[in-house]
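Let's take a walk through this structure, from the overall build down to a few odd spots in the backbone. Keep the 3D view open as you read.

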Amino acid sequence: MLGIGADRSFPTVLLIDDDLISREVIATILTLNGYTLHTAVDGAAGVKMLDDRQCDPQVMLVDVRMPGLNGVQLIKELRRRSKASIYAISGSSLPDDLKVVVDGFLYKPFNPEDLQKLLDDHKPPPASELASTEEPVVSAKILSQFRQMMPEPTVREVYVAVVADLKKRSVALDEAIAKADAVTVRRLGHTIKGGCGMAGARQAARLGALLEAESDELNNSAEICQQLKLAQENLERMLEVEFPR
């Protein structure tokens with residue numbers, strides 16, 4: 001659905017909500033304010049829209065309490081298909097496992113001002129980044145800040161330490177997954193998310209958050225760990241490019 005007089009400087013929004021009234025109210029607010037909006041009636045429909053490339057949102061508003069595909073699993077499926085910011089909308093407070101995998105939360109019922117503020121605060125990435133199919137290995141902003149604060153060799157050592165820590169955590173994760181030790185997997189994910197987030201290692205931090213949110217069944221942990229090892233290799237390549245010896 002194309003917003004009335006849609007402003008392309010605004011983020012494109014995908015709204016996933018099974019409640020007809022909620023969809024209509026939110027859609028009316030956004031389209032009248034110039035947003036390009038797409039809607040899906042449930043989680044499976046939202047995932048299919050992304051698979052079919054019916055839309056390329058920069059923001060998703062997702063009811064996380066719907067029948068069928070919902071909650072953490074829905075957020076994971078959306079993350080696999082899009083780099084959009086994901087904001088949960090719900091009539092009840094979020095459990096901790098959901099809090100760590102979304103970018104923000106609006107409590108229903110919310111007023112138009114709250115919705116507008118959330119979207120106003122959203123900072124879309126540069127067009128060049130949106131066009132890229134690869135997630136940045138390291139936040140350019142944080143890397144620049146480090147270089148202003150520390151000498152170049154010290155900055156390099158920060159990322160050498162991140163790579164070494166990821167290697168150690170990957171071994172521990174493989175062992176925990178083999179033992180079906182979900183508590184340890186989530187603890188290691190939390191540690192990776194925090195440490196890599198501080199260093200601006202965006203790929204690894206995001207994967208750490210996914211591990212932290214894993215269920216007791218550990219259905220996706222092995223796949224996430226494989227991606228984490230690729231993120232580690234990407235960091236090693238970044239070191240060679242940014243800090244040649």
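## A guided tour

Start with a spot in a loop: Ala180 is found between α8 (152–178) and α9. Bear in mind as you look at it that this is a predicted model. Ala180 has a positive phi of about 55°, although it is not a glycine. That's worth a second glance, because most residues other than glycine have a negative phi. Is Ala180 buried or exposed? With a relative accessible area of 54%, Ala180 is exposed, since the cut-off for that class is over 50%.

Arg53 is another residue of this kind: its phi is near 55°, again a positive value in a residue other than glycine. You'll find Arg53 in the loop between α2 (43–51) and β3 (59–63). Its relative accessibility is 75%, so Arg53 counts as exposed.

There's a backbone feature of another sort at Pro109. The peptide bond leading from Lys108 into Pro109 is cis, with omega near -5°. In general, most peptide bonds are trans. Pro109 sits in the loop between β5 (104–107) and α5.

Now zoom out to the whole chain. The protein chain has 11 helices and five strands. Its C-alpha atoms fill a box of roughly 55 × 40 × 30 Å along the principal axes. How does that fit with a compact globule? For 245 residues, a compact globule would have a radius of gyration near 18 Å, and the 19 Å of this protein chain agrees with that. Of those 245 residues, 47% count as buried. The chain also brings distant stretches of sequence together: among contacts between residues at least 6 apart in sequence, 66% join residues at least 24 apart.

Next, look at how some of the helices pack. Just past the loop that holds Pro109 comes helix α5 (residues 112–121), whose axis comes within 11 Å of that of helix α1 (residues 20–32). The two axes cross at roughly 55°, and α1 and α5 are therefore oblique to each other. The crossing is right-handed. Which residues make the contact? From α1 they are Ile26, Ile29 and Leu30, and from α5 they are Pro112, Leu115 and Leu119. By class, that gives six nonpolar residues, no polar ones and no charged ones.

For another helix pair, go back to the loop with Ala180 and follow the chain into α9. Helix α9 (residues 182–199) packs with helix α10 (residues 202–212) at an angle of about 155°, with their axes 7 Å apart. Angles over 145 degrees count as roughly antiparallel, so that is how α9 and α10 run relative to each other. Their crossing is left-handed. On the α9 side, the contact uses Val185, Arg186, Gly189, His190, Ile192, Lys193, Cys196 and Gly197. On the α10 side, it uses Ala204, Ala205, Gly208, Ala209, Leu211 and Glu212. The contact of α9 with α10 has seven nonpolar, four polar and three charged residues.

Finish with Ala161, which lies in helix α8. At 45% relative accessibility, Ala161 counts as partly exposed. If you'd like a distance to check in your viewer, try Ala161 to Gly194: they are 33 residues apart in sequence and 14 Å apart in space, C-alpha to C-alpha.

Methods: Residues numbered from 1 in each chain as written. Predicted model: local features only at pLDDT ≥ 70, side-chain atom pairs only at ≥ 80, totals over all residues. Heavy atoms only, no water. Axes fitted to C-alpha atoms, helices over the stretch in contact; angles between N-to-C directions. Helix = DSSP H or I, 4+ residues; strand = E, 2+ residues; numbered from the N terminus. Parallel < 35°, antiparallel > 145°, perpendicular 65-115°, else oblique. Left-handed = near helix turned anticlockwise from the far one by under 90°. Contact = heavy atoms within 4.5 Å. Nonpolar A, V, L, I, M, F, W, Y, C, P; charged D, E, K, R; others polar. Rg over C-alpha atoms; globule rule 2.2 N^0.38 Å. Buried < 20%, exposed > 50% of the residue type's maximum accessible area, 1.4 Å probe, protein only.
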